[in-house]
Amino acid sequence: SFPVVVLISGSGSNLQALIDQSLQGNLDIDIKAVISNKASAFGLERAAKAGIASHALDHKQFESREAFDHALMELIDQYQPKLVVLAGFMRILTEDFTRHYEGRMLNIHPSLLPKYKGLNTHQRAIDAGEAEHGVSVHFVTSELDAGSVVLQANTEISSDETADSLAQKVHALEHIIYPLSVKWFSSGRLTFQHGQAVLDGEALPESGVRYT
Ligand code: GAR
């Protein structure tokens, strides 16, 4: 079936959601490898437990961002994935890297893009007094968190919300919309044309599809 490589830096709960959905027969993908830039990432244990090849490629062992990204590309390409899934991969990527996987690399970002690119999105949304927050799946392009959005899900921010409680609510949504986006891509419904996410032949609006 459809070969995928997943990149992580941490817990890997989104990786787990992809593994679970494929085991349950809802998602026809073959996760060929999981690669982390941190050897301590718990997601590597999740991969091993699922019988998936796992690698730690420590960015600190490389003298430049370019050198790391090139080594990462070589490792990924050994598995010939049709899709690269960034699942909590906390590295800024070089243009060489993003160009190489253009149209076949997805990211999940914990905000309603184009709002709150970058880090600490939950706290920033609370501090700004937002009534709602959420998560976006998008194609990766060279500009950070700015590629065409595929799918978004939102949640209310309550009056006693903390960054932790909000992160939990957002995570639950992530575990639904990431497998769904990957399913759209692997089944050929989702493509990337002229810098745009296209679903069933229709270019998606700036905020993608809203999951309800
Ligand atoms: C997720 O919340 C994801 O949206 C976020 O990291 C977390 C990873 O969780 N990604 C980013 O912030 C990317 N800039 P996980 O390791 O449990 O899947």
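## Salt bridges

Let's start with charged side chains: searching the whole of this predicted model turns up 6 salt bridges. Side chains of opposite charge can pair when their charged atoms come close.

One pair to look at is Arg99 and Asp96, which form a salt bridge with their closest N and O atoms 3.8 Å apart. A salt bridge is counted here when the nitrogen and oxygen lie within 4 Å, so the 3.8 Å between Arg99 and Asp96 qualifies. Where do these two residues sit along the chain? Both belong to helix α4, which covers residues 95-100, and because they are 3 residues apart there, about one helical turn separates them.

## Around the ligand

Next, find the ligand in the structure. The space it takes is the largest pocket. Three elements each give two or more residues to the shell around the ligand: α1 (13-23), β5 (105-109) and α6 (163-186).

Which residues surround the ligand? Going along the sequence, they are Ser11, Gly12, Ser13, Asn14, Gly88, Met90, Ile108, His109, Pro110, His171 and Glu174. Sorted by character, the shell has 7 polar residues, 3 nonpolar ones and 1 charged one.

## Polar contacts with the ligand

Now zoom in on some individual atoms. In the side chain of Ser13, an N or O atom is 2.5 Å from an oxygen atom of the ligand. Asn14 also takes part, with a polar side-chain atom lying 2.9 Å from a ligand oxygen. For His171, the distance between an N or O atom of the side chain and an oxygen atom of the ligand is 3.2 Å.

How much of the ligand's accessible area does the protein cover? On its own, the ligand has 450 Å² of accessible area, and the protein covers 85% of that.

## Two backbone details in loops

The backbone has some details of its own to explore. Follow the chain from Leu113 to Pro114 and you will meet a cis peptide bond, with omega near 15 degrees. Pro114 is placed in the loop between β5 and α5, the latter spanning residues 121-127.

Another spot to visit is Asp145. What is the sign of its phi angle? Asp145 has a positive phi, about 55 degrees, although this residue is not a glycine. You can find Asp145 in the loop that lies between β6 (132-139) and β7 (149-156).

Notes. Residues numbered from 1 in each chain as written. Predicted model: local features only at pLDDT ≥ 70, side-chain atom pairs only at ≥ 80, totals over all residues. Heavy atoms only, no water. Near = heavy atom within 4 Å. Polar contact = N/O pair within 3.5 Å; in protein donor to acceptor, adjacent residues only side chain to side chain. Areas by Shrake-Rupley, 256 points an atom, 1.4 Å probe, with all protein chains shown as cover. 1 Å grid on protein atoms, 1.4 Å probe; cavity = no way out; pocket = protein on both sides within 12 Å on 5 of 7 lines; lining within 4 Å. Sits in = over half its atoms within 2 Å of the grid points. Helix = DSSP H or I, 4+ residues; strand = E, 2+ residues; numbered from the N terminus. Nonpolar A, V, L, I, M, F, W, Y, C, P; charged D, E, K, R; others polar.
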